[in-house]
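Work through the exercises below with the sequence and the structure open beside you. Try each task before reading its solution.

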Amino acid sequence: EMCIRDRGNWVTPFEQDPILPNVIYSGYDEVYMSVNGGNSWSSISQDFGGNLNHLKIAPSNSNYQFAARGSNLFRNSFVGTVSNWSSVGGFSGSINSIAIHPTNPNKVAIATTGNERVYVTSNGGNSWTSYKLNLPNFSARALAWHDNGEDGLYLGMDYVLFYIDNTFTEWQPYNNNLPNVIINELEINSVDGKIYAGTYGRGFWASPIVPHILN
């Protein structure tokens, strides 16, 4: 095992295993894993040729992992204790956000700089469906799934927040008193029933999550 001596990005991806309390992951030019809360680390990937921008672990099964660097997306599926990273294609643009569904590790959404803005896969990245629909031509920056039984998905863009689920055929605006501001990160807290938005220069905002019917 080793300590991490790599230099990561300004915001280096860092993920807690959703199931195992002492297991954490960090994304540099390789993915490193610690099984003892960060006291020691070992590499669980190949060298990706540059620092990773994103790293996500499936909430329902930590054997499923996705990492991204620029327009390159990689998928890991552990076979026993051996990780197996492979390249994933079928979309366009650089990746701004990865969100793995709360209960289905093969259902993944990505926000990209491409014309389609958002893609969703239901088969672990073997094929992708465009979710551009009625989205404006703003940058798609942040995604978060809501575990509401209807595949609820939030999208943070420049100046606006959107929501969609299986009951809608188009994205629904969900600004809910947000100022016109770039939304860099979205997190859902199921305990207090709120979605939290990290913005560029306008602080941290919270809102109740979408009820079954949007007002």
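**Exercises on a predicted model**

The structure is a predicted model.

**Exercise 1. Pairing around S7**

Task: Find how many bridges join S7 to strand S8, and in which sense the two run.

Solution. Step 1: locate S8 at residues 85-88. Step 2: count the bridges between S7 and S8; there are 4, and the strands run antiparallel. Step 3: check one pair, in which Arg-75 has Ser-86 of S8 as its bridge partner.

Step 4: turn to strand S6, residues 64-69, which pairs with S7, residues 72-77, over 6 bridges, again in the antiparallel sense. Ala-67 has Phe-74 of S7 as its bridge partner. Step 5: look at the link between S6 and S7. They form a hairpin with 2 residues between them, and Gly-70 in this turn has a positive phi of about 65 degrees.

**Exercise 2. An open sheet**

Task: Give the order of the strands in the open sheet of 4 strands, and say which are the edge strands.

Solution. Step 1: the order is S1-S2-S3-S4, with antiparallel pairing. Step 2: S1 and S4 (42-43) each pair on one side only, and these are the edge strands. Step 3: at the S4 edge, strand S3 (residues 31-34) pairs with S4 over 2 bridges. Tyr-32 stands opposite Ser-43 in S4.

Step 4: examine the loop between S3 and S4, where Trp-41 lies. Is Trp-41 buried or exposed? Its relative accessible area is 9%. The cut-off for buried is under 20%, so Trp-41 is buried.

**Exercise 3. The largest pocket**

Task: Describe the largest pocket by its volume and its lining.

Solution. Step 1: the largest pocket holds about 1200 Å³ of space. Step 2: 36 residues line the pocket, and the closest to its centre are Lys-56, Ser-97, Ile-98, Glu-185 and Glu-187. Step 3: sort the lining by residue class, which gives 18 nonpolar, 12 polar and 6 charged residues. Step 4: name strands that contribute. S1 (14-16), S5 (54-57), S9 (95-100), S13 (140-146) and S17 (183-189) each supply at least two residues of the lining.

**Exercise 4. The largest nonpolar core**

Task: State how many residues the largest nonpolar core has, and which have the most contacts inside it.

Solution. Step 1: the core has 16 residues, and Leu-143, Leu-153, Leu-155 and Trp-171 have the most contacts inside it. Step 2: strands S10 (108-112), S11 (118-121), S13, S14 (152-157) and S15 (161-164) each supply at least two residues of this core. Step 3: follow Leu-155. Beyond its neighbours within four places in sequence, its contacts include Ala-111, Val-118, Leu-143, Phe-162, Trp-171 and Leu-186. Step 4: set this beside a general tendency. In soluble globular proteins, nonpolar side chains tend to be buried together.

**Exercise 5. Two loop residues with positive phi**

Task: Where is Arg-117 found, and where is Tyr-159 found? Decide for each whether it counts as buried or partly exposed.

Solution. Step 1: Arg-117 is in the loop between S10 and S11, and its phi is near 70 degrees, a positive value in a residue other than glycine. Step 2: its relative accessibility is 10%, so Arg-117 counts as buried. Step 3: Tyr-159 is in the loop between S14 and S15. The phi of Tyr-159 is near 80 degrees, also positive without being glycine. Step 4: at 42% relative accessibility, Tyr-159 counts as partly exposed.

How values were computed: Residues numbered from 1 in each chain as written. Heavy atoms only, no water. Pairing = 2+ DSSP bridges. 1 Å grid on protein atoms, 1.4 Å probe; cavity = no way out; pocket = protein on both sides within 12 Å on 5 of 7 lines; lining within 4 Å. Points joined across faces, edges and corners; volume = space filled by probe spheres on them. Nonpolar A, V, L, I, M, F, W, Y, C, P; charged D, E, K, R; others polar. Core = buried A, V, L, I, M, F, W, Y, C linked by side-chain atoms within 4.5 Å. Buried < 20%, exposed > 50% of the residue type's maximum accessible area, 1.4 Å probe, protein only. Contact = heavy atoms within 4.5 Å.
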